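Please take a moment to look through the sequence and the three-dimensional picture below before reading on. The paragraphs after it are meant to be read slowly, with the structure kept in view.

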Amino acid sequence: MKIPKTRRTHCPYCKKHTEHKVSQTKKKQASSLTYGSKVRARRRGKARGTGNLGRYSKPAVTKFNRTGAKQSKKTNLKYECKECKKTHLQKKGKRSKRVEFV
Ligand SMILES: [Zn+2]
């Protein structure tokens, strides 16, 4: 999907339509050794039931193999207001295989 680099849209901080710079948000890999995840693992009893039994080195085993179920991902765009330099995210992503800025 071709997306323009700039777009006039509403800025929730300026409370009016302004020019915005459009970019894609970077995906962050969830850390498996955060405090919260360790607490969760402890509550689940670490190696209970199906799954990867609390092993962090390997990804979770999914019960149903659904590889290739979807070919496209929803876009998650970031809008940077040119007036106040503040950013806000796209409300609802659209499905596309590939994002291209023009
Ligand atoms: Zn603004």
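What follows is a walk through the structure, from its overall plan to some individual residues.

The model shown here is a predicted one, and the protein in it has one helix and eight strands. Following the chain from the N terminus, the elements come in the order β-β-β-α-β-β-β-β-β. Of the 102 residues of the protein, 18% count as buried. Among the contacts with a separation of 6 or more in sequence, 51% are made by residues that lie 24 or more positions apart.

Let us turn to the sheet. Strands of a sheet pair through backbone hydrogen bonds, and the pairing may be parallel or antiparallel. In this protein, four strands make up an open sheet in the order E2-E3-E5-E6, and their pairing is antiparallel. Strands E2 and E6 stand at its edges, and because each has a single partner strand, one side of each is left without a neighbour in the sheet. On average, and with direction ignored, neighbouring strands of this sheet are turned by 40 degrees against each other.

The pairings can also be followed one by one. Strand E2 and strand E3, the latter covering residues 16-24, are joined in the antiparallel sense over six bridges, while E3 and E5, which also run antiparallel, are joined by five bridges. Particular residues face each other across these pairs: Arg-7 stands opposite His-20 in E3, and the bridge partner of His-20 in E5 is Cys-81. Lys-21, in turn, stands opposite Glu-80 in E5.

Arg-7 deserves a closer look. This residue is placed in strand E2, and it counts as partly exposed because its relative accessibility is 38%. Leaving aside residues up to four places away in sequence, Arg-7 touches Thr-18, Glu-19, His-20, Val-22 and Tyr-79. Arg-7 and Lys-21 are 14 residues apart in sequence, and their C-alpha atoms are 6.6 Å apart in space.

Next comes the metal site. Which residues of the protein are the donors of the zinc ion? They are Cys-11, Cys-14, Cys-81 and Cys-84, each through its SG atom, and these atoms lie 2.2 to 2.4 Å from the ion. The angles among the four donor atoms run from 99 to 119 degrees, and the site is tetrahedral. Along the sequence the donor residues are spaced C-x2-C-x66-C-x2-C. Within this set, the pair of Cys-11 and Cys-84 links distant parts of the chain, 73 residues apart, with Cys-11 in strand E2 (residues 6-11) and Cys-84 in the loop between strand E5 (77-81) and strand E6 (87-89). Is Cys-11 buried or exposed? Cys-11 is buried, because its relative accessible area is 0%, whereas Cys-84 has a relative accessibility of 26% and so counts as partly exposed.

Two loop residues can be read with the backbone in mind. Most residues other than glycine have a negative phi. Lys-15, although not a glycine, has a positive phi of about 60 degrees, and its place is in the loop between E2 and E3. The hairpin formed by E2 and E3 has four residues between the strands. Since its relative accessibility is 68%, Lys-15 counts as exposed. Lys-85 is likewise not a glycine and has a positive phi, here of about 65 degrees; this residue lies in the loop between E5 and E6. With a relative accessibility of 58%, Lys-85 counts as exposed.

The last stop is Thr-75, which lies in the loop between strand E4 (73-74) and E5. Is this residue, Thr-75, buried or exposed? Residues under 20% relative accessible area count as buried, and Thr-75, with 6%, is therefore buried. Its side chain and that of Gln-90 are joined by a polar contact of 3.3 Å. Not counting residues up to four places away in sequence, Thr-75 touches Met-1, Gln-90, Gly-93, Lys-94, Ser-96 and Val-99.

Key:
Residues are numbered from 1 along each chain as its sequence is written. This is a predicted model: local features need pLDDT of at least 70, side-chain atom pairs count only at pLDDT 80 or more; totals for chains, interfaces and linings use all residues. Side-chain values use heavy atoms; hydrogens and water are left out. Donors are N, O and S atoms within 2.8 Å of the metal (3.2 Å for Na, K and Ca); water is not among the atoms, so sites may look incomplete. Four donors count as tetrahedral if all angles lie between 85 and 135 degrees; four count as square planar and six as octahedral if opposite donors are over 155 degrees apart and all others between 65 and 115; anything else is irregular. Buried means under 20% relative accessible area, exposed over 50%, partly exposed in between (1.4 Å probe, protein chains only). Two strands pair if DSSP finds at least two bridges between them. Axes are lines fitted to C-alpha atoms, for helices over the stretch in contact, and angles run from 0 to 180 degrees between N-to-C directions. A polar contact is a pair of N or O atoms within 3.5 Å; within protein, one must be able to donate a hydrogen and the other to accept it, and residues adjacent in sequence count only if both atoms are side-chain atoms. Contact means heavy atoms within 4.5 Å.
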